[in-house]
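User: I'd like to learn how to read a few local features in a model. Can you take me through some, with the general idea and then the case here?

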Amino acid sequence: MRGVRMSGAGANRRLQPGQSRFMVCIMSGASSLLAFFLCCCYMVALGVHAMEDRVAEDHETDYYMAAVYEHQLILSPNPLALTSRKQALELMNQNLGIYEQQVMAAAQKGVQIIVFPEDGIHGFNFTRTSIYPFLDFMPSPKLVRWNPCLEPHRFNDTEVLQRLSCMAIKGDMFLVANLGTKQPCHSSDLRCPSDGRYQFNTNVVFSNNGTLVGCYRKNNLYFEAAFDTPLQVDHTIFETPFAGKFGVFTCFDILFFDPAIRLLRDSEVKHIVFPAAWFNQLPLLAAIQIQRAFAMAFGVNFLAANIHHPSLGMTGSGIHTPLKSVWYHDMENLTGHLIIAQVAKNPQGLIGTENATENDPSHSKFLKILAGDPYCEKDSQEVHCDGASKWNMNVAPTFHSEMMYDNFTLVPVWEKEGYLRVCANGLCCYLLYQRPTLSNELYALGVFDGLHTVHGTYYVQVCALVKCGGLGFDTCGQEITEATGSFEFHLWGNFSTSYIFPMLLTSGMTLETPDQLGWENDHYFLRKSGLSSGLVTAALYGRLYERD
(Lines give C-alpha, C1' and ligand atoms only; values in the text may rest on other atoms or scores of the structure.)
Protein backbone atom coordinates (compact mmCIF):
# COMPACT_ATOMS: atom_id res chain seq x y z
CA MET A 1 0.00 0.00 0.00
CA ARG A 2 1.55 3.27 -1.04
CA GLY A 3 0.44 6.74 -1.95
CA VAL A 4 0.70 10.48 -1.55
CA ARG A 5 -2.71 12.02 -1.57
CA MET A 6 -4.55 15.28 -1.12
CA SER A 7 -8.08 15.84 0.06
CA GLY A 8 -10.18 18.96 0.05
CA ALA A 9 -10.82 21.74 -2.38
CA GLY A 10 -7.76 23.78 -3.20
CA ALA A 11 -5.36 21.19 -1.79
CA ASN A 12 -1.80 22.12 -2.65
CA ARG A 13 1.03 19.63 -2.87
CA ARG A 14 4.42 20.04 -4.51
CA LEU A 15 6.09 16.87 -5.72
CA GLN A 16 9.82 16.50 -5.32
CA PRO A 17 11.93 15.04 -8.15
CA GLY A 18 11.45 11.31 -8.56
CA GLN A 19 8.06 11.20 -6.80
CA SER A 20 5.84 10.84 -9.81
CA ARG A 21 5.43 7.11 -9.10
CA PHE A 22 3.13 7.89 -6.17
CA MET A 23 -0.60 8.17 -6.69
CA VAL A 24 -2.21 11.55 -6.17
CA CYS A 25 -5.92 11.82 -5.43
CA ILE A 26 -7.91 15.03 -5.07
CA MET A 27 -11.33 14.96 -3.46
CA SER A 28 -13.66 17.50 -1.98
CA GLY A 29 -14.67 17.72 1.06
CA ALA A 30 19.71 30.19 34.96
CA SER A 31 20.46 32.96 37.02
CA SER A 32 22.50 30.31 38.97
CA LEU A 33 24.16 27.16 37.67
CA LEU A 34 21.50 25.00 39.28
CA ALA A 35 18.76 26.81 37.41
CA PHE A 36 20.30 25.73 34.16
CA PHE A 37 19.54 22.15 35.10
CA LEU A 38 15.84 22.82 35.55
CA CYS A 39 14.39 21.54 32.31
CA CYS A 40 10.86 22.82 32.78
CA CYS A 41 10.47 22.93 29.04
CA TYR A 42 7.73 25.53 29.04
CA MET A 43 7.64 27.74 25.98
CA VAL A 44 8.54 31.39 26.33
CA ALA A 45 7.65 33.92 23.73
CA LEU A 46 10.98 35.32 22.62
CA GLY A 47 11.40 38.30 20.34
CA VAL A 48 13.13 37.20 17.18
CA HIS A 49 14.45 40.33 15.52
CA ALA A 50 15.82 38.51 12.49
CA MET A 51 12.26 37.66 11.47
CA GLU A 52 10.93 41.20 11.47
CA ASP A 53 11.63 41.71 7.78
CA ARG A 54 9.20 38.87 7.02
CA VAL A 55 6.37 39.95 9.30
CA ALA A 56 4.83 42.53 6.98
CA GLU A 57 4.89 40.07 4.10
CA ASP A 58 3.37 37.30 6.24
CA HIS A 59 0.42 39.48 7.25
CA GLU A 60 -0.43 40.07 3.61
CA THR A 61 -1.39 36.46 3.01
CA ASP A 62 -3.87 34.15 4.65
CA TYR A 63 -1.64 31.11 4.27
CA TYR A 64 1.76 29.78 5.29
CA MET A 65 3.96 27.04 3.87
CA ALA A 66 4.52 23.96 6.03
CA ALA A 67 6.45 20.73 5.66
CA VAL A 68 6.59 17.41 7.50
CA TYR A 69 9.14 14.69 6.83
CA GLU A 70 8.46 10.98 7.22
CA HIS A 71 11.93 9.65 8.01
CA GLN A 72 13.38 6.24 7.15
CA LEU A 73 15.79 6.39 10.06
CA ILE A 74 19.19 4.78 10.36
CA LEU A 75 19.01 2.59 13.45
CA SER A 76 21.63 1.45 15.91
CA PRO A 77 22.52 -2.16 15.00
CA ASN A 78 22.37 -3.06 18.70
CA PRO A 79 20.45 -0.54 20.81
CA LEU A 80 20.99 -2.62 23.96
CA ALA A 81 24.77 -2.39 23.73
CA LEU A 82 26.75 0.25 25.62
CA THR A 83 28.51 2.78 23.43
CA SER A 84 30.44 6.02 23.66
CA ARG A 85 29.20 9.55 23.07
CA LYS A 86 31.43 9.72 19.99
CA GLN A 87 29.88 6.58 18.52
CA ALA A 88 26.39 7.80 19.35
CA LEU A 89 27.04 11.10 17.60
CA GLU A 90 28.36 9.28 14.52
CA LEU A 91 25.03 7.46 14.19
CA MET A 92 22.89 10.49 14.97
CA ASN A 93 24.80 12.64 12.49
CA GLN A 94 23.81 10.25 9.72
CA ASN A 95 20.14 10.91 10.46
CA LEU A 96 20.80 14.63 10.94
CA GLY A 97 22.45 14.72 7.54
CA ILE A 98 19.20 13.49 6.00
CA TYR A 99 17.27 16.08 8.00
CA GLU A 100 19.50 18.83 6.62
CA GLN A 101 18.86 17.68 3.05
CA GLN A 102 15.12 17.90 3.66
CA VAL A 103 15.40 21.36 5.22
CA MET A 104 17.20 22.65 2.15
CA ALA A 105 14.69 21.03 -0.20
CA ALA A 106 11.86 22.61 1.79
CA ALA A 107 13.60 26.00 1.78
CA GLN A 108 13.54 26.00 -2.00
CA LYS A 109 9.74 25.80 -1.80
CA GLY A 110 9.41 28.70 0.65
CA VAL A 111 8.59 26.54 3.67
CA GLN A 112 8.28 28.48 6.94
CA ILE A 113 8.02 25.56 9.38
CA ILE A 114 9.15 21.93 9.17
CA VAL A 115 8.37 19.02 11.52
CA PHE A 116 10.46 15.86 11.97
CA PRO A 117 9.31 12.62 13.66
CA GLU A 118 9.72 11.19 17.14
CA ASP A 119 12.86 9.04 17.64
CA GLY A 120 14.08 10.07 14.19
CA ILE A 121 17.58 11.06 15.31
CA HIS A 122 18.51 8.36 17.83
CA GLY A 123 16.10 5.48 17.11
CA PHE A 124 14.39 3.24 19.65
CA ASN A 125 14.48 -0.01 21.69
CA PHE A 126 17.15 1.30 24.08
CA THR A 127 17.49 0.57 27.77
CA ARG A 128 17.82 3.41 30.25
CA THR A 129 21.58 2.85 30.34
CA SER A 130 22.24 2.23 26.64
CA ILE A 131 20.47 5.40 25.51
CA TYR A 132 22.54 7.68 27.78
CA PRO A 133 25.31 8.49 25.23
CA PHE A 134 22.59 9.62 22.82
CA LEU A 135 21.17 12.26 25.19
CA ASP A 136 21.73 16.01 24.91
CA PHE A 137 21.67 18.35 27.89
CA MET A 138 18.66 20.66 27.69
CA PRO A 139 18.49 24.04 29.42
CA SER A 140 14.98 25.41 29.83
CA PRO A 141 14.05 28.05 27.24
CA LYS A 142 11.89 29.61 29.96
CA LEU A 143 15.03 30.41 31.94
CA VAL A 144 17.68 30.76 29.26
CA ARG A 145 17.67 32.58 25.96
CA TRP A 146 20.03 30.50 23.85
CA ASN A 147 20.99 30.04 20.24
CA PRO A 148 22.94 26.76 20.09
CA CYS A 149 24.33 27.41 16.61
CA LEU A 150 25.76 30.81 17.55
CA GLU A 151 26.72 29.82 21.13
CA PRO A 152 27.91 26.21 20.75
CA HIS A 153 30.21 26.19 23.80
CA ARG A 154 27.72 27.52 26.33
CA PHE A 155 26.64 24.04 27.48
CA ASN A 156 28.26 20.61 27.21
CA ASP A 157 26.69 17.67 25.40
CA THR A 158 24.53 19.75 23.09
CA GLU A 159 25.87 18.70 19.69
CA VAL A 160 22.48 17.61 18.36
CA LEU A 161 20.82 20.83 19.47
CA GLN A 162 23.59 22.81 17.82
CA ARG A 163 23.11 21.09 14.49
CA LEU A 164 19.35 21.49 14.56
CA SER A 165 19.72 25.18 15.39
CA CYS A 166 22.08 25.67 12.46
CA MET A 167 19.63 23.90 10.14
CA ALA A 168 16.88 26.32 11.13
CA ILE A 169 19.17 29.24 10.28
CA LYS A 170 20.34 27.69 7.02
CA GLY A 171 16.79 26.97 5.90
CA ASP A 172 15.35 30.22 7.32
CA MET A 173 12.45 28.34 8.90
CA PHE A 174 11.03 27.22 12.22
CA LEU A 175 12.14 23.67 12.94
CA VAL A 176 10.53 21.07 15.21
CA ALA A 177 12.45 17.90 16.05
CA ASN A 178 12.53 15.15 18.68
CA LEU A 179 15.56 13.94 20.64
CA GLY A 180 16.51 12.37 23.97
CA THR A 181 17.56 14.82 26.71
CA LYS A 182 19.03 14.54 30.20
CA GLN A 183 18.63 16.58 33.38
CA PRO A 184 20.84 15.97 36.45
CA CYS A 185 19.03 15.66 39.76
CA HIS A 186 20.09 15.34 43.39
CA SER A 187 19.34 13.00 46.26
CA SER A 188 17.31 15.77 47.90
CA ASP A 189 14.79 15.20 45.11
CA LEU A 190 12.80 12.23 46.39
CA ARG A 191 11.81 11.29 42.83
CA CYS A 192 15.34 11.49 41.44
CA PRO A 193 16.22 8.15 39.78
CA SER A 194 19.00 6.11 41.35
CA ASP A 195 21.39 7.00 38.52
CA GLY A 196 21.12 10.70 39.43
CA ARG A 197 19.44 12.00 36.31
CA TYR A 198 16.13 12.37 34.54
CA GLN A 199 15.90 11.26 30.92
CA PHE A 200 13.17 12.68 28.71
CA ASN A 201 11.66 12.13 25.29
CA THR A 202 11.78 15.74 24.13
CA ASN A 203 10.51 17.88 21.27
CA VAL A 204 12.43 21.07 20.58
CA VAL A 205 11.42 24.13 18.57
CA PHE A 206 13.85 26.54 16.92
CA SER A 207 12.93 29.84 15.31
CA ASN A 208 14.27 30.67 11.87
CA ASN A 209 17.24 32.49 13.45
CA GLY A 210 18.22 29.35 15.39
CA THR A 211 16.97 30.44 18.82
CA LEU A 212 15.53 27.71 21.05
CA VAL A 213 11.96 28.94 21.58
CA GLY A 214 10.28 25.89 23.08
CA CYS A 215 10.62 22.33 24.25
CA TYR A 216 8.15 19.70 25.32
CA ARG A 217 8.84 16.53 27.32
CA LYS A 218 6.52 13.66 26.43
CA ASN A 219 3.97 13.02 29.15
CA ASN A 220 2.28 9.82 27.98
CA LEU A 221 5.08 7.35 27.33
CA TYR A 222 4.38 4.24 25.28
CA PHE A 223 6.48 1.41 26.74
CA GLU A 224 9.57 3.65 26.77
CA ALA A 225 11.74 2.27 29.58
CA ALA A 226 14.62 4.56 28.64
CA PHE A 227 12.66 7.71 29.53
CA ASP A 228 11.05 9.30 32.59
CA THR A 229 7.67 10.99 32.81
CA PRO A 230 8.14 14.68 33.72
CA LEU A 231 7.14 15.69 37.25
CA GLN A 232 4.71 18.24 35.79
CA VAL A 233 2.94 18.19 32.45
CA ASP A 234 4.45 20.59 29.92
CA HIS A 235 1.94 22.74 28.09
CA THR A 236 4.17 24.07 25.34
CA ILE A 237 3.05 26.84 23.02
CA PHE A 238 5.30 28.79 20.70
CA GLU A 239 4.57 31.91 18.69
CA THR A 240 5.35 32.43 15.02
CA PRO A 241 5.15 35.64 12.94
CA PHE A 242 3.42 33.86 10.07
CA ALA A 243 0.58 31.96 11.79
CA GLY A 244 0.39 32.86 15.48
CA LYS A 245 0.41 30.17 18.17
CA PHE A 246 1.33 26.50 17.76
CA GLY A 247 0.89 23.75 20.36
CA VAL A 248 3.24 20.78 20.75
CA PHE A 249 2.79 17.18 21.83
CA THR A 250 4.08 13.75 20.87
CA CYS A 251 2.61 10.52 19.49
CA PHE A 252 0.66 8.64 22.24
CA ASP A 253 -0.22 12.00 23.85
CA ILE A 254 -2.93 12.41 21.23
CA LEU A 255 -5.18 9.97 23.09
CA PHE A 256 -5.07 11.79 26.45
CA PHE A 257 -6.39 15.01 27.96
CA ASP A 258 -2.99 16.29 29.07
CA PRO A 259 -1.40 17.98 27.30
CA ALA A 260 -3.30 17.67 24.02
CA ILE A 261 -6.75 18.88 25.01
CA ARG A 262 -5.64 21.33 27.66
CA LEU A 263 -3.46 23.14 25.09
CA LEU A 264 -6.55 23.89 23.04
CA ARG A 265 -8.15 25.79 25.92
CA ASP A 266 -6.04 28.65 24.61
CA SER A 267 -8.35 29.78 21.83
CA GLU A 268 -5.42 31.30 19.95
CA VAL A 269 -3.79 27.90 19.42
CA LYS A 270 -4.93 26.98 15.94
CA HIS A 271 -2.02 24.79 14.87
CA ILE A 272 -0.46 21.62 16.32
CA VAL A 273 2.96 20.11 15.57
CA PHE A 274 3.08 16.39 16.19
CA PRO A 275 6.27 14.29 16.02
CA ALA A 276 5.35 10.60 16.20
CA ALA A 277 6.67 7.06 15.98
CA TRP A 278 3.23 5.54 15.44
CA PHE A 279 2.46 1.88 14.89
CA ASN A 280 -0.61 1.62 12.67
CA GLN A 281 -3.54 -0.38 13.97
CA LEU A 282 -6.65 -0.72 11.89
CA PRO A 283 -9.54 -0.39 11.72
CA LEU A 284 -9.58 2.58 14.12
CA LEU A 285 -6.08 3.85 14.88
CA ALA A 286 -4.01 4.16 11.73
CA ALA A 287 -1.66 7.13 11.91
CA ILE A 288 -3.27 9.28 9.22
CA GLN A 289 -6.70 8.32 10.55
CA ILE A 290 -6.20 9.71 14.08
CA GLN A 291 -4.24 12.72 12.78
CA ARG A 292 -7.07 13.80 10.52
CA ALA A 293 -9.67 13.01 13.17
CA PHE A 294 -7.95 15.36 15.64
CA ALA A 295 -7.89 18.17 13.08
CA MET A 296 -11.60 17.76 12.36
CA ALA A 297 -12.65 17.26 15.99
CA PHE A 298 -10.98 20.44 17.24
CA GLY A 299 -10.93 22.61 14.14
CA VAL A 300 -7.14 22.99 14.04
CA ASN A 301 -4.32 22.50 11.58
CA PHE A 302 -2.33 19.39 12.42
CA LEU A 303 1.26 18.92 11.18
CA ALA A 304 2.22 15.28 11.77
CA ALA A 305 5.54 13.60 11.03
CA ASN A 306 5.87 9.84 11.53
CA ILE A 307 8.77 7.39 11.34
CA HIS A 308 8.90 5.32 8.15
CA HIS A 309 9.48 1.66 9.02
CA PRO A 310 6.98 -0.52 7.13
CA SER A 311 8.13 -3.82 8.64
CA LEU A 312 7.03 -2.47 12.03
CA GLY A 313 3.81 -1.02 10.61
CA MET A 314 5.11 2.52 10.94
CA THR A 315 4.09 4.96 8.23
CA GLY A 316 1.58 7.76 7.86
CA SER A 317 2.32 11.47 7.98
CA GLY A 318 0.36 14.48 6.89
CA ILE A 319 -0.57 18.11 6.94
CA HIS A 320 -4.21 18.11 7.97
CA THR A 321 -6.81 20.84 8.26
CA PRO A 322 -10.46 20.39 9.23
CA LEU A 323 -11.42 20.51 5.54
CA LYS A 324 -8.53 18.90 3.68
CA SER A 325 -5.43 16.79 4.06
CA VAL A 326 -2.17 16.12 2.27
CA TRP A 327 -0.88 12.79 3.51
CA TYR A 328 1.55 9.98 2.87
CA HIS A 329 1.13 6.28 3.64
CA ASP A 330 3.48 3.73 2.06
CA MET A 331 3.92 0.15 3.24
CA GLU A 332 6.00 -0.87 0.22
CA ASN A 333 8.97 1.45 -0.25
CA LEU A 334 11.83 1.93 2.17
CA THR A 335 12.39 5.63 1.61
CA GLY A 336 11.46 8.75 3.52
CA HIS A 337 9.15 11.37 2.10
CA LEU A 338 8.80 15.15 2.35
CA ILE A 339 5.30 16.62 2.31
CA ILE A 340 4.86 20.33 1.57
CA ALA A 341 1.54 22.15 1.64
CA GLN A 342 0.00 25.58 1.84
CA VAL A 343 -1.95 25.93 5.09
CA ALA A 344 -4.61 28.46 6.09
CA LYS A 345 -3.67 30.63 9.06
CA ASN A 346 -7.24 30.45 10.31
CA PRO A 347 -8.61 26.93 9.77
CA GLN A 348 -12.25 26.63 8.82
CA GLY A 349 -14.38 23.85 10.28
CA LEU A 350 -16.88 21.51 8.69
CA ILE A 351 -20.52 22.40 8.17
CA GLY A 352 -22.47 22.11 11.39
CA THR A 353 -26.12 21.37 12.01
CA GLU A 354 -27.09 25.00 11.57
CA ASN A 355 -26.38 24.66 7.83
CA ALA A 356 -27.87 21.22 7.38
CA THR A 357 -29.60 20.43 4.10
CA GLU A 358 -32.98 19.44 5.48
CA ASN A 359 -34.42 19.08 1.97
CA ASP A 360 -32.26 16.02 1.47
CA PRO A 361 -34.54 12.98 1.98
CA SER A 362 -32.01 10.94 3.92
CA HIS A 363 -31.23 13.82 6.26
CA SER A 364 -34.91 14.56 6.74
CA LYS A 365 -35.45 10.94 7.73
CA PHE A 366 -32.48 11.11 10.10
CA LEU A 367 -33.99 14.17 11.80
CA LYS A 368 -37.38 12.49 12.08
CA ILE A 369 -35.81 9.43 13.66
CA LEU A 370 -34.10 11.61 16.25
CA ALA A 371 -37.26 13.60 16.92
CA GLY A 372 -39.31 10.47 17.55
CA ASP A 373 -36.62 8.16 18.85
CA PRO A 374 -38.31 5.05 20.20
CA TYR A 375 -37.43 3.82 23.66
CA CYS A 376 -34.50 1.45 23.53
CA GLU A 377 -33.57 -0.98 26.31
CA LYS A 378 -29.78 -0.89 26.58
CA ASP A 379 -29.03 -4.59 26.96
CA SER A 380 -25.50 -5.63 25.99
CA GLN A 381 -26.77 -8.80 24.33
CA GLU A 382 -29.65 -7.45 22.28
CA VAL A 383 -31.69 -4.32 21.79
CA HIS A 384 -35.45 -4.01 22.34
CA CYS A 385 -36.93 -0.88 20.78
CA ASP A 386 -40.60 0.03 21.01
CA GLY A 387 -42.02 1.64 17.90
CA ALA A 388 -38.92 1.01 15.83
CA SER A 389 -40.79 -0.95 13.16
CA LYS A 390 -42.32 2.20 11.68
CA TRP A 391 -38.79 3.18 10.64
CA ASN A 392 -38.35 -0.11 8.82
CA MET A 393 -35.66 -1.20 11.23
CA ASN A 394 -34.01 -4.38 10.05
CA VAL A 395 -33.90 -7.22 12.54
CA ALA A 396 -30.33 -8.45 12.44
CA PRO A 397 -28.54 -10.86 14.76
CA THR A 398 -26.29 -9.34 17.41
CA PHE A 399 -22.84 -10.84 17.77
CA HIS A 400 -19.52 -10.13 19.45
CA SER A 401 -16.07 -9.84 17.94
CA GLU A 402 -12.69 -8.51 19.00
CA MET A 403 -11.73 -5.16 17.51
CA MET A 404 -8.72 -3.15 18.68
CA TYR A 405 -8.41 -5.75 21.51
CA ASP A 406 -11.86 -4.76 22.77
CA ASN A 407 -15.03 -6.87 22.83
CA PHE A 408 -17.36 -5.06 20.44
CA THR A 409 -21.07 -5.76 20.10
CA LEU A 410 -22.08 -5.72 16.43
CA VAL A 411 -24.90 -6.26 13.96
CA PRO A 412 -24.33 -7.17 10.30
CA VAL A 413 -25.18 -4.68 7.55
CA TRP A 414 -26.75 -7.01 5.01
CA GLU A 415 -29.39 -5.03 3.15
CA LYS A 416 -29.23 -2.50 0.35
CA GLU A 417 -30.77 0.09 2.68
CA GLY A 418 -31.92 0.19 6.24
CA TYR A 419 -31.81 1.57 9.76
CA LEU A 420 -29.82 -0.30 12.40
CA ARG A 421 -28.93 0.21 16.00
CA VAL A 422 -26.77 -1.63 18.48
CA CYS A 423 -26.11 -0.86 22.14
CA ALA A 424 -23.62 -1.71 24.88
CA ASN A 425 -23.63 -0.33 28.40
CA GLY A 426 -24.86 3.25 28.09
CA LEU A 427 -24.03 3.82 24.42
CA CYS A 428 -26.35 3.18 21.50
CA CYS A 429 -25.08 3.50 17.93
CA TYR A 430 -27.31 4.05 14.92
CA LEU A 431 -26.91 3.70 11.19
CA LEU A 432 -29.26 4.98 8.48
CA TYR A 433 -27.87 3.87 5.14
CA GLN A 434 -28.31 3.23 1.46
CA ARG A 435 -26.01 1.21 -0.78
CA PRO A 436 -26.07 2.02 -4.52
CA THR A 437 -24.88 -1.52 -5.21
CA LEU A 438 -24.34 -4.52 -2.99
CA SER A 439 -20.84 -6.01 -2.89
CA ASN A 440 -19.81 -9.48 -1.84
CA GLU A 441 -18.41 -8.13 1.43
CA LEU A 442 -19.54 -8.24 5.03
CA TYR A 443 -19.96 -4.94 6.85
CA ALA A 444 -21.01 -4.52 10.46
CA LEU A 445 -22.10 -1.76 12.81
CA GLY A 446 -20.27 -2.05 16.13
CA VAL A 447 -20.37 -0.44 19.56
CA PHE A 448 -17.96 -0.42 22.50
CA ASP A 449 -18.38 1.53 25.73
CA GLY A 450 -15.69 0.64 28.23
CA LEU A 451 -12.11 0.71 29.44
CA HIS A 452 -9.51 -0.21 26.87
CA THR A 453 -6.67 -2.06 28.65
CA VAL A 454 -4.23 -3.33 26.00
CA HIS A 455 -1.17 -1.22 25.09
CA GLY A 456 -2.49 1.54 27.33
CA THR A 457 -5.45 2.11 29.63
CA TYR A 458 -8.10 4.60 28.61
CA TYR A 459 -11.91 4.78 28.42
CA VAL A 460 -13.55 4.91 25.01
CA GLN A 461 -17.03 5.08 23.52
CA VAL A 462 -17.01 3.96 19.90
CA CYS A 463 -19.58 3.68 17.13
CA ALA A 464 -18.04 2.10 14.03
CA LEU A 465 -19.18 0.91 10.62
CA VAL A 466 -16.43 -1.41 9.41
CA LYS A 467 -15.71 -3.79 6.59
CA CYS A 468 -14.97 -7.23 7.98
CA GLY A 469 -11.95 -9.27 6.95
CA GLY A 470 -14.11 -12.01 5.46
CA LEU A 471 -17.70 -13.21 5.40
CA GLY A 472 -17.67 -14.67 8.92
CA PHE A 473 -18.72 -12.64 11.95
CA ASP A 474 -15.43 -13.49 13.64
CA THR A 475 -13.55 -11.53 10.94
CA CYS A 476 -15.16 -8.23 11.91
CA GLY A 477 -12.50 -6.06 13.49
CA GLN A 478 -9.61 -7.48 11.47
CA GLU A 479 -7.12 -5.15 9.81
CA ILE A 480 -7.96 -4.57 6.15
CA THR A 481 -7.10 -1.76 3.74
CA GLU A 482 -9.07 -2.61 0.59
CA ALA A 483 -12.84 -2.49 0.05
CA THR A 484 -15.41 -1.96 -2.69
CA GLY A 485 -18.61 -1.39 -0.71
CA SER A 486 -20.24 1.98 -1.34
CA PHE A 487 -22.48 3.70 1.21
CA GLU A 488 -24.52 6.83 1.73
CA PHE A 489 -25.16 7.05 5.43
CA HIS A 490 -25.74 8.79 8.72
CA LEU A 491 -23.85 7.32 11.69
CA TRP A 492 -24.67 8.60 15.17
CA GLY A 493 -24.71 7.80 18.89
CA ASN A 494 -25.82 9.09 22.28
CA PHE A 495 -22.30 9.83 23.50
CA SER A 496 -21.56 10.81 27.10
CA THR A 497 -18.58 12.93 26.05
CA SER A 498 -18.01 15.94 23.85
CA TYR A 499 -14.55 14.68 22.87
CA ILE A 500 -15.34 12.70 19.73
CA PHE A 501 -12.92 11.95 16.90
CA PRO A 502 -14.65 11.43 13.53
CA MET A 503 -12.95 8.90 11.24
CA LEU A 504 -13.62 8.15 7.59
CA LEU A 505 -11.27 5.83 5.71
CA THR A 506 -11.78 4.23 2.32
CA SER A 507 -9.97 1.73 0.15
CA GLY A 508 -6.23 2.15 -0.34
CA MET A 509 -5.81 4.11 2.90
CA THR A 510 -7.69 7.08 1.49
CA LEU A 511 -8.95 9.79 3.83
CA GLU A 512 -12.43 11.14 3.13
CA THR A 513 -14.09 14.31 4.38
CA PRO A 514 -17.54 13.94 5.98
CA ASP A 515 -20.34 16.00 4.45
CA GLN A 516 -21.48 17.00 7.90
CA LEU A 517 -20.59 16.55 11.59
CA GLY A 518 -22.26 17.79 14.73
CA TRP A 519 -24.74 17.41 17.54
CA GLU A 520 -28.46 16.95 16.98
CA ASN A 521 -30.90 16.25 19.79
CA ASP A 522 -28.14 15.08 22.19
CA HIS A 523 -26.66 12.73 19.60
CA TYR A 524 -23.40 13.23 17.70
CA PHE A 525 -23.54 12.30 14.03
CA LEU A 526 -21.46 11.91 10.90
CA ARG A 527 -23.03 12.13 7.48
CA LYS A 528 -21.47 11.11 4.16
CA SER A 529 -22.46 10.37 0.58
CA GLY A 530 -20.42 10.04 -2.58
CA LEU A 531 -17.42 8.07 -1.35
CA SER A 532 -14.48 8.07 -3.74
CA SER A 533 -13.80 4.36 -3.13
CA GLY A 534 -14.99 1.42 -1.04
CA LEU A 535 -15.62 2.06 2.65
CA VAL A 536 -13.09 0.60 5.10
CA THR A 537 -14.09 2.42 8.31
CA ALA A 538 -16.53 5.11 9.36
CA ALA A 539 -16.29 5.73 13.08
CA LEU A 540 -17.02 8.09 15.92
CA TYR A 541 -14.28 7.53 18.50
CA GLY A 542 -15.20 9.10 21.83
CA ARG A 543 -12.86 9.59 24.78
CA LEU A 544 -14.05 9.87 28.38
CA TYR A 545 -10.84 11.13 29.96
CA GLU A 546 -12.31 11.31 33.47
CA ARG A 547 -12.85 7.52 33.49
CA ASP A 548 -9.29 6.51 32.55
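User: Leaving aside its neighbours within four places in sequence, which residues is Gln-281 in contact with?

Analyst: Keep in mind that this is a predicted model. Once those sequence neighbours are set aside, Gln-281 touches Ala-286, Met-404, Tyr-405 and Glu-479. Gln-281 itself sits in the loop between β10 (269-276) and α6 (287-298).

User: Is Gln-281 buried or exposed?

Analyst: For that, compare the relative accessible area with the cut-off: buried means under 20%. Gln-281 comes in at 19%, so it counts as buried. Try Leu-323 as another case: its value is 29%, so it is partly exposed. Leu-323 belongs to the loop between β12 (317-320) and β13 (325-328). Leu-323 and Pro-347 are 24 residues apart in sequence, and their C-alpha atoms are 8.2 Å apart in space.

User: How many residues of α6 are buried?

Analyst: 10 of its 12 residues, so this helix is mostly covered. The buried set is Ala-287, Ile-288, Gln-289, Ile-290, Gln-291, Arg-292, Ala-293, Phe-294, Ala-295 and Met-296. Just past the end of α6, Gly-299 has a positive phi of about 65°.

User: What span should α6 have, and how far apart are its end C-alpha atoms?

Analyst: Use 1.5 Å a residue: the 12 residues of α6 should span 16 Å, and the end C-alpha atoms are 17 Å apart, which agrees. You can run the check again on α4 (residues 159-171), where 13 residues should span 18 Å and the ends are 18 Å apart.

User: Which residues are buried in α4, and what do they pack against?

Analyst: First, the general idea: an α-helix has 3.6 residues a turn, so residues three or four places apart point the same way. In α4, the buried residues are Val-160, Leu-161, Gln-162, Leu-164, Ser-165, Met-167, Ala-168 and Gly-171. They pack against α3 (85-107), β4 (136-137), β5 (174-184) and β6 (197-206). Right after α4, Asp-172 takes a positive phi of about 55°.

User: How do the axes of α3 and α4 cross?

Analyst: Look at the approach and the angle together. The two axes come within 10 Å and cross at roughly 15°. That makes α3 roughly parallel to α4. The crossing is right-handed. On the α3 side, the contact includes Leu-89, Met-92 and Leu-96, while on the α4 side Val-160, Leu-164 and Met-167 are among the residues met. By type, the contact residues divide into 10 nonpolar, 3 polar and 5 charged.

Definitions and conventions:
Residues are numbered from 1 along each chain as its sequence is written. This is a predicted model: local features need pLDDT of at least 70, side-chain atom pairs count only at pLDDT 80 or more; totals for chains, interfaces and linings use all residues. Side-chain values use heavy atoms; hydrogens and water are left out. Helices (H or I, at least four residues) and strands (E, at least two) are DSSP runs, numbered from the N terminus. The expected span of a helix is 1.5 Å times one less than its number of residues. Buried means under 20% relative accessible area, exposed over 50%, partly exposed in between (1.4 Å probe, protein chains only). Contact means heavy atoms within 4.5 Å. Axes are lines fitted to C-alpha atoms, for helices over the stretch in contact, and angles run from 0 to 180 degrees between N-to-C directions. Angles under 35 degrees count as roughly parallel, over 145 as roughly antiparallel, 65 to 115 as roughly perpendicular and the rest as oblique. A crossing is left-handed if the near helix is turned anticlockwise from the far one by less than a right angle, and right-handed if clockwise. Ala, Val, Leu, Ile, Met, Phe, Trp, Tyr, Cys and Pro count as nonpolar, Asp, Glu, Lys and Arg as charged, and the others, Gly among them, as polar.
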